[in-house]
Amino acid sequence: MFSDRTKFKLAKTRLNAMEYCFYPLFYKRHKDVEAREGIAYGGKKLQKLDVYGKDGIGAPRPVFVYIHGGGWISGLRTARRYYCGHWAEQGFTVLNIGYRYGVDVAHPSHLADVFAALDFAFDRAEEWGLDLSPGVVVAGESAGAYLAAYVACAAAHPELLETYGIEFRHARDFKVAASVLISGVYSLTRVAGCKFPDIDVICKTVCGMDTAALLALGEEERAAQDAYFSPESFVDEKFAPAFVIGSAADSLKGESEALFEKLQRLGVKSEYYLCTGLNGVHAGALACDLAPSGRECAREAVVFVKGVLRCANG
């Protein structure tokens with residue numbers, strides 16, 4: 001009845017409206033954190049980023065990069081500011097990156113936007129207090145975790161940038177020290193069989209195939225799809241230490257579990273935390289002050305990341 005583009009736009013409007021409604025529940029003012037928000041790194045409306053730093057921006061601090069989710073068709077960078085403020089309070093300079101939706105661009109343009117934002121930010125490393133020497137921490141939820149995982153893979157295997165035709169001027173010196181991956185998608189062919197809301201629209205947006213078509217693929221065809229559209233296919237023993245977060249009531253929980261199991265098999269330093277209770281919904285870890293599970297998850301993520309950075313600094 002509706003064209004694919006119309007379906008994408010309807011889903012985007014509905015999902016973004018939900019984020020606007022729920023944001024007041026999560027909001028927390030971080031009074032000691034300086035914010036510079038809505039900085040354009042490109043010429044498109046969604047190509048913007050925010051910068052946060054405790055007690056002012058400019059003093060050298062480790063870098064925490066956050067990429068919002070939204071199923072590639074939605075997501076509000078502004079609705080993640082409270083979570084970014086939490087990490088700024090932990091002593092990081094935080095970059096909160098927005099990118100174009102799948103309504104307007106195709107994979108891997110979202111990933112290219114993230115690297116364009118990193119280029120823009122790294123050019124201002126001294127001004128913003130970006131200490132890049134130990135490597136950055138990259139994080140995200142849902143589709144943002146998918147993109148964060150790709151960033152970590154590209155840090156370990158810079159040739160991926162050439163494969164995807166992505167320009168990144170800082171590639172030679174770029175390092176990812178750790179990742180925090182919340183309720184992510186890591187294999188499109190695997191997730192096609194789940195009951196996550198709008199999964200058909202999401203798959204069609206990313207790879208141009210609906211769930212029925214993905215599930216009908218043979219083994220070789222599935223491998224070919226994953227080799228281009230799924231970050232997990234590039235995860236190996238060089239992947240940076242990862243704090244993987246799932247949610248008990250999330251139909252995408254199996255994605256977090258599968259990635260964590262692969263990291264464990266590879267011997268990659270990793271931990272898994274399962275959010276429960278009020279935080280047990282999809283990406284519930286973002287509500288890091290709402291309920292006990294979210295608070296505990298946030299504490300453990302900070303301990304993990306800071307431990308990795310201490311090791312990196314020798």
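## Asp-55 and Ser-142: two residues with positive phi

In this predicted model, Asp-55 counts as exposed, at 61% relative accessibility, and its place is in the loop between strand S2 (48-54) and S3. Although Asp-55 is not a glycine, it has a positive phi of about 60°. Most residues other than glycine have a negative phi, and most peptide bonds are trans.

A positive phi of about 60° is also found at Ser-142, again a residue that is not a glycine. Ser-142 sits in the loop between S6 and helix H5 (143-156), and it is buried, with a relative accessible area of 8%, whereas Asp-55 is exposed.

## A cis peptide bond before Pro-108

The peptide bond that leads from His-107 to Pro-108 is cis, with omega near 10°. Pro-108 itself belongs to the loop between strand S4 (93-97) and helix H3 (109-122).

## Salt bridges

The model holds 10 salt bridges, among them one between Arg-80 and Glu-141, in which the closest N and O atoms are 2.4 Å apart. Arg-80 lies in the loop between S3 and H2 while Glu-141 lies in strand S6, so this pair ties together parts that are 61 residues apart in sequence. Both partners are on the buried side of the cut-off, which is under 20% relative accessible area: Arg-80 counts as buried at 5% relative accessibility, and Glu-141 counts as buried at 3%.

Arg-190 takes part in a salt bridge with Glu-232, where the closest N and O atoms are 2.7 Å apart. Because Glu-232 lies in the loop between helix H10 (219-229) and S8, and Arg-190 in helix H7 (residues 188-191), this pair ties together parts that are 42 residues apart in sequence. Arg-190 also meets the side chain of Glu-255 in a salt bridge, at 2.6 Å from N to O. Here Glu-255 lies in helix H11 and Arg-190 in helix H7, so the parts tied together are 65 residues apart in sequence. With regard to exposure, Arg-190 counts as partly exposed at 32% relative accessibility, while Glu-232 counts as buried at 13% and Glu-255 is buried, with a relative accessible area of 4%. Elsewhere, Glu-37, Asp-50, Arg-77 and Arg-81 are linked in a network of salt bridges.

## Asp-250, a buried charge without a salt bridge

Asp-250 is found in the loop between S8 and helix H11 (253-266). It is buried yet has no salt bridge, and the nearest side chain of opposite charge, that of Lys-253, is 9.4 Å away. A salt bridge requires a side-chain nitrogen of Lys or Arg within 4 Å of a carboxyl oxygen of Asp or Glu, so the separation from Lys-253 does not meet that cut-off.

Once its neighbours within four places in sequence are left aside, Asp-250 is in contact with Ser-183, Phe-196, Gly-280, Val-281 and His-282.

## Cavities

A search of the whole structure finds 2 cavities of 30 Å³ or more, and the largest cavity has a volume of about 40 Å³. Rolling a probe the size of a water molecule over the atoms shows where empty space is left.

The lining of the largest cavity is made up of Gly-71, Trp-72, Ser-142, Ala-143, Val-185, Phe-196, Ile-199, Ile-202 and Leu-252. Two residues already described reappear in this list: Ser-142, which has a positive phi, and Phe-196, which is in contact with Asp-250.

## Helix H12 and the loop before it

Helix H12 (residues 292-312) has 21 residues, and the distance from its first C-alpha to its last is 30 Å, close to the 30 Å expected at 1.5 Å a residue. The buried residues of this helix are Ser-293, Gly-294, Cys-297, Ala-298, Ala-301, Val-302, Phe-304, Val-305, Gly-307, Val-308 and Leu-309. They pack against strand S3 (61-67), helix H2 (81-89), strand S6 (136-141), strand S7 (176-182), strand S8 (242-247) and strand S9 (270-275).

Thr-276 has its place in the loop between S9 and H12, and it is partly exposed, with a relative accessible area of 38%. Apart from its neighbours within four places in sequence, Thr-276 is in contact with Ala-248 and Ser-293, and Ser-293 is one of the buried residues of H12. The C-alpha atoms of Thr-276 and Asn-313, which are 37 residues apart along the chain, are separated by 34 Å.

Definitions and conventions: Residues numbered from 1 in each chain as written. Predicted model: local features only at pLDDT ≥ 70, side-chain atom pairs only at ≥ 80, totals over all residues. Heavy atoms only, no water. Helix = DSSP H or I, 4+ residues; strand = E, 2+ residues; numbered from the N terminus. Expected span 1.5 Å × (residues − 1). Buried < 20%, exposed > 50% of the residue type's maximum accessible area, 1.4 Å probe, protein only. Contact = heavy atoms within 4.5 Å. Lys, Arg positive; Asp, Glu negative; His and termini not counted. 1 Å grid on protein atoms, 1.4 Å probe; cavity = no way out; pocket = protein on both sides within 12 Å on 5 of 7 lines; lining within 4 Å. Points joined across faces, edges and corners; volume = space filled by probe spheres on them.
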